[in-house]
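Q: Got a minute to go through this one with me? I'd like to talk about holes, charges and odd backbone spots.

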Amino acid sequence: MKKLFLLLLLTFTLSAKTITPNEVYSQVSLITDEVHFLLNYYGIKHENNEITKHPKVSTKLKPRNVWQMTYEIMVKINILREDNNLPVIEPVNMSPVLNLNPDMVYEQTQRILTELKIFEIRMGIKAPIFEKKIFKGKTSLDVYNALTHVSKNIDELNKGTVTPSFVFAEQMRVYEDITLLLERLKIEDKSIPSAKKLGSVPENAFDESLKLLEKIKQLQIISGINFVDFSEFKKGNESPSDVFTITQMILAELQTLKAYVGEDTITKAAIRYNTKTPSEVRQLVSWNLRKLNLIHSLNKGN
């Protein structure tokens with residue numbers, strides 16, 4: 001009887017707590033308060049004080065997409081650090097999985113809050129202690145939309161410094177992931193980049209990115225992997241920040257393909273590039289699409 005009690009106690013102790021979207025949303029609300037405080041502290045005029053002000057998406061996203069948005073925010077916090085002469089801290093990343101545990105998003109919100117607090121301390125900023133709010137009925141999609149609001153507000157805090165060079169760096173991460181897939185599937189890659197299309201704008205790279213996501217979706221369907229429809233992300237006249245976000249969604253979806261073929265290599269953090277243009281970003285996205293089009297099946301030898 002005593003052994004049974006100890007076993008039950010151990011099982012209870014080792015059981016991980018399930019974190020609800022309401023709890024995650026509550027943490028994102030605290031992040032929002034911190035970012036809004038910083039915007040006001042630096043005297044940056046911004047119209048979007050409310051989470052609901054930014055355009056929402058309603059497509060059925062997966063936890064991996066929400067997690068990737070937290071990664072985007074961590075990258076942008078690094079931009080904030082660098083702009084204020086603080087060293088860059090490599091964002092936390094994780095091994096590829098087919099189905100990401102939603103609790104991982106909560107972990108990321110804690111990292112974001114910590115990084116914002118560290119920034120305030122390093123800059124000698126005395127921020128108030130914001131009250132934690134309680135929410136009901138929130139979903140993962142609500143969390144994603146709230147995180148999008150945070151990301152856009154950090155763009156304002158950074159004075160729009162998400163440049164084509166930053167987007168190019170993230171697309172190079174896509175390039176490396178696709179290269180890993182081709183090597184794992186033993187597919188010979190003789191593709192080369194096409195000529196740059198001078199005069200390209202961010203919207204061109206965004207449209208090419210949607211084609212890349214459509215190809216990933218085709219591979220997911222034939223492999224029985226749950227997919228996401230990203231067509232709703234298309235709004236027109238996209239900025240470099242929009243291309244940055246859709247690139248993060250590409251990276252999130254590629255992790256499912258990597259996990260499916262048994263590739264457990266963690267995608268490396270971006271390398272710094274300078275003076276990249278929208279034409280070069282478009283050229284790289286197009287090359288990534290041609291590389292991915294070499295894959296007709298996720299079965300080795302096909």
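A: Sure. One term up front: partly exposed means a relative accessible area between the cut-offs for buried, under 20%, and exposed, over 50%. K117 is a case in point, because its relative accessible area is 32%. Bear in mind that this is a predicted model.

Q: OK, what does K117 form a salt bridge with?

A: With E34, and the closest N and O atoms are 3.0 Å apart. E34 lies in helix α2 (residues 21-41) and K117 in helix α4, so the pair ties together parts that are 83 residues apart in sequence.

Q: And E34, buried or exposed?

A: Buried, with a relative accessible area of 5%. That falls under the 20% cut-off.

Q: How many salt bridges does a search of the whole structure find?

A: The count is 21. As a general point, side chains of opposite charge can pair when their charged atoms come close.

Q: Which side chain does E115 meet in a salt bridge?

A: That of R81, at 3.9 Å from N to O. The pair links distant parts of the chain, with E115 in helix α4 and R81 in helix α3, 34 residues apart. Both E115 and R81 are buried.

Q: What about K276, what does its side chain pair up with?

A: K276 meets E280 in a salt bridge, 3.9 Å from N to O. K276 is partly exposed at 23% relative accessible area, whereas E280 counts as buried because its relative accessibility is 15%.

Q: Which residues are linked in a network of salt bridges?

A: E203, D207, K234 and E238 are linked that way.

Q: Switching to holes. How many cavities of 30 Å³ or more are there?

A: Two turn up when the whole structure is searched. The largest has a volume of about 140 Å³, and the second largest holds about 50 Å³ of space.

Q: Which residues lie nearest the centre of the largest cavity?

A: W67, Q68, N93, M94 and Q255, out of 14 lining residues. The elements that give two or more residues to this lining are α3 (63-83) and α8 (240-260).

Q: What's the chemistry of the lining in the largest cavity?

A: Mixed classes: seven nonpolar, five polar and two charged residues.

Q: And the second largest cavity, how does its lining divide by class?

A: Eight nonpolar residues, no polar and no charged. The lining residues are P164, V167, P202, A205, P240, V243, P278 and V281. As for elements, α6 (164-184), α7 (202-223), α8 and α9 (278-292) each supply at least two of the lining residues.

Q: I clicked on T247 while looking around. Where is T247?

A: T247 is in helix α8. At 0% relative accessibility, T247 counts as buried.

Q: What does the side chain of T247 have a polar atom close to?

A: The backbone oxygen of V243, with 2.7 Å between that oxygen and a polar atom of the T247 side chain. V243 also turns up in the lining of the second largest cavity.

Q: Which residues does T247 touch, leaving out those up to four places away in sequence?

A: V167, E170, Q171 and V174. Of these, V167 is one of the residues lining the second largest cavity.

Q: Now backbone. What's up with phi of N85?

A: Phi of N85 is near 60°, which is positive even though the residue is not glycine. Most residues other than glycine have a negative phi. N85 sits in the loop between α3 and α4 (103-122), and counts as exposed at 73% relative accessibility.

Q: What is the phi of T275?

A: Near 60°, again a positive value in a residue other than glycine. T275 is found in the loop between α8 and α9. With 72% relative accessibility, T275 counts as exposed.

Q: Last one: where is N299?

A: N299 is in the segment after α9. The residue is partly exposed, with a relative accessible area of 41%.

Q: How far apart are N299 and S223, in sequence and in space?

A: They are 76 residues apart in sequence and 8.8 Å apart in space, C-alpha to C-alpha.

Key
Residues numbered from 1 in each chain as written. Predicted model: local features only at pLDDT ≥ 70, side-chain atom pairs only at ≥ 80, totals over all residues. Heavy atoms only, no water. 1 Å grid on protein atoms, 1.4 Å probe; cavity = no way out; pocket = protein on both sides within 12 Å on 5 of 7 lines; lining within 4 Å. Points joined across faces, edges and corners; volume = space filled by probe spheres on them. Helix = DSSP H or I, 4+ residues; strand = E, 2+ residues; numbered from the N terminus. Nonpolar A, V, L, I, M, F, W, Y, C, P; charged D, E, K, R; others polar. Buried < 20%, exposed > 50% of the residue type's maximum accessible area, 1.4 Å probe, protein only. Polar contact = N/O pair within 3.5 Å; in protein donor to acceptor, adjacent residues only side chain to side chain. Contact = heavy atoms within 4.5 Å. Salt bridge = Lys/Arg side-chain N within 4 Å of Asp/Glu carboxyl O.
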